[in-house]
Amino acid sequence: MARITIIISHLVVALCILSRARAFSSASSDVDAFIGCLSTSIPCNLVKTPGTNSYSELLMSTVQNLRAVLPGTTMPVVIIAVTEPAHVQATVVCGRRHSVRIRTRSGGHDYEGLSYASLNPDEHFAVLDLAELRTIDIDVARSEAWVGSGATIGELYYATAAANQTFGFPAGNCPTVGVGGHLSGGGFGALSRKYGLSADNVLDAVVVDAEGRLLNRSTMGEALFWAIRGGGAESFGVVVSWKVRFVPVPETVTVFSISRSRNQSAVELITRWQLIAPVLPRDLYLRVLVQNQQAAFVALFLGQCGRLVDTMRRYFPDLGMTEQDCQEMSWVKSTIFGYFKTANLPTEVLLNRTGTNYFLKVKSDHVRQLIPRQAWENIWDKWLEKPEAARVMLDPYGGFMGTISPSETPFPHRNYIYQLELFSSWFENGTETLEKRLSWLRGVHEDLTPYVSKNPRAVYANYRDIDLGTNELEGNVTSYEKARVWGEKYFKGNFERLASVKSKVDPEDFFRNEQSIPPLPAEKALSSM
């Protein structure tokens, strides 16, 4: 399967590059001037154009969604594989000077590929690839670290545990996700009920702004520092590194994964889970994964097996969890278990930066009141037994998450009981397969409408969904009113505040993509004063 995936990956990107060859070969004088400008500050071996042998290899190095590089998609005119912040500054300055916009890629896990591809066939843009900005500098005495945006979550987990076995960091499940994108979108994970989001544990950052200046928290100001911790930093500048705070974890944690089929009361257990998971003690995170007609209840407990058994018997006896289900291990091993479904792998597996290339589409929701059992029965009957059924993930909030104001950071969804994600991935390219997968996702999404968040229907920014809407221009800046259509679904009441920050730090809208934050119009700003 891995070999097939690699072949598909290179075939797709080759077709895409061929389809754009005419546009690349007749690149505007602005693009030529931009490349010339780069050459004065950045070594030529770090600047890749479509005519460079290694362009395709670099482009595909962190592409996670092959849908984003299908023929017809607009690829970057240049990829700059930066190795130091000065390269980022030079790229921004040259881009502003010669009207070439910049997109920033850290790990390439943007679900719609907007960090390295465009839906606009006429756009000339460059990609700043931050993969080499992945230094992790740990201050053990202060329980802090500076982390390059190009580091992966797995690399951060590995370095954290290597520094101190009682250090942890609250972040997501997939180890190949880039730190830059993950933190700038909020960063939810298995420790979030105990310690909040990744963004809640960011202490400082180094940002290159639209003027090419290198700023930290004290020089960027609190408004911009607020915006980049959950509002999508790519709209405001380029974050090259983050200062994060470690959180305490015990030397021994406990995990389990218990699967139940439908005839083993899976639907009843899911219905019951909705009431229990958000009110469990903060030391316990219990998610549900529904796939292949099985519901897996997967837990991380910050403690030993005996206490976990007692807790489960008190809160969720219906699941029938026993000591035999326990696996005790270090926290860093639990991050391996959470992704690979086994802890019997060396810790070094977290250092593997190569993700899986597949075609991907995701939709997500937030839930405030439990979805009734009959609704789950109907969804299972109608959708979950189909061969194209996606993975359904239910992630509980509550705990520390619910104690933080929705306006503390741009991530506004803290008052819901759980998050629901429909994650569809496949390897076969073709219109029929694509239409079948999208039809399944949109069908389930439609049937969930009566039971999930409303006005707006709330979506996690790190689960980007282009179905929500895309930006349009008014003059030479993004339309605020058009962007509100998708923006308030991600950010609710924080969207206007994000636009206000944008109007101050990037009023000319240099950093933009199909779902970037627009500047707040002057008349809107005046009316809100």
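In the predicted model, cysteine 174 has a relative accessibility of 18% and counts as buried, because the limit for a buried residue is under 20%. Cysteine 44, by contrast, is exposed, with a relative accessibility of 68%; this value lies over the 50% that defines an exposed residue. The pattern of disulfides along the chain is 1-2, 3-4 when bonded cysteines are counted in order. Cysteine 44 takes part in no disulfide, and the cysteine sulfur nearest to it, belonging to cysteine 94, lies 15 Å away. A disulfide requires sulfur atoms within 2.5 Å, so the 15 Å between cysteine 44 and cysteine 94 does not meet this criterion.

Two disulfides are present in the structure. One of them connects cysteine 37 with cysteine 94, at an S to S distance of 2.0 Å. This link is left-handed, with an angle of -75° about the S-S bond. It bridges distant parts of the chain, since cysteine 37 belongs to helix α3 (residues 29-39) and cysteine 94 to helix α5 (residues 85-98), with the two positions 57 residues apart in the numbering. Both partners are buried: the relative accessible area is 9% for cysteine 37 and 3% for cysteine 94.

The other disulfide is formed by cysteine 305 and cysteine 326, with the sulfur atoms 2.2 Å apart. An angle of 80° about the S-S bond makes the link of cysteine 305 and cysteine 326 right-handed. Distant parts of the chain are again linked: cysteine 305 is located in helix α12 (residues 305-315), whereas cysteine 326 is located in the loop between α12 and β15 (327-329), and the pair is 21 residues apart. Cysteine 305 is buried at 10% relative accessibility, and cysteine 326 is likewise buried, with a relative accessible area of 15%.

Nonpolar packing was also examined. The largest nonpolar core comprises 79 residues, and Ile228 and Trp242 have the most contacts inside it. When residues up to four places away in sequence are left out, isoleucine 228 touches Leu183, Ser184, Ala205, Val207, Met220, Ala233, Val239 and Trp242. Trp242 is thus listed among the contacts of isoleucine 228 and is itself one of the residues with the most contacts within this core. A second core, separate from the largest one, contains 47 residues, among them Leu284, Ala375, Ile379 and Leu438.

Terms used: Residues numbered from 1 in each chain as written. Predicted model: local features only at pLDDT ≥ 70, side-chain atom pairs only at ≥ 80, totals over all residues. Heavy atoms only, no water. Core = buried A, V, L, I, M, F, W, Y, C linked by side-chain atoms within 4.5 Å. Buried < 20%, exposed > 50% of the residue type's maximum accessible area, 1.4 Å probe, protein only. Contact = heavy atoms within 4.5 Å. Helix = DSSP H or I, 4+ residues; strand = E, 2+ residues; numbered from the N terminus.
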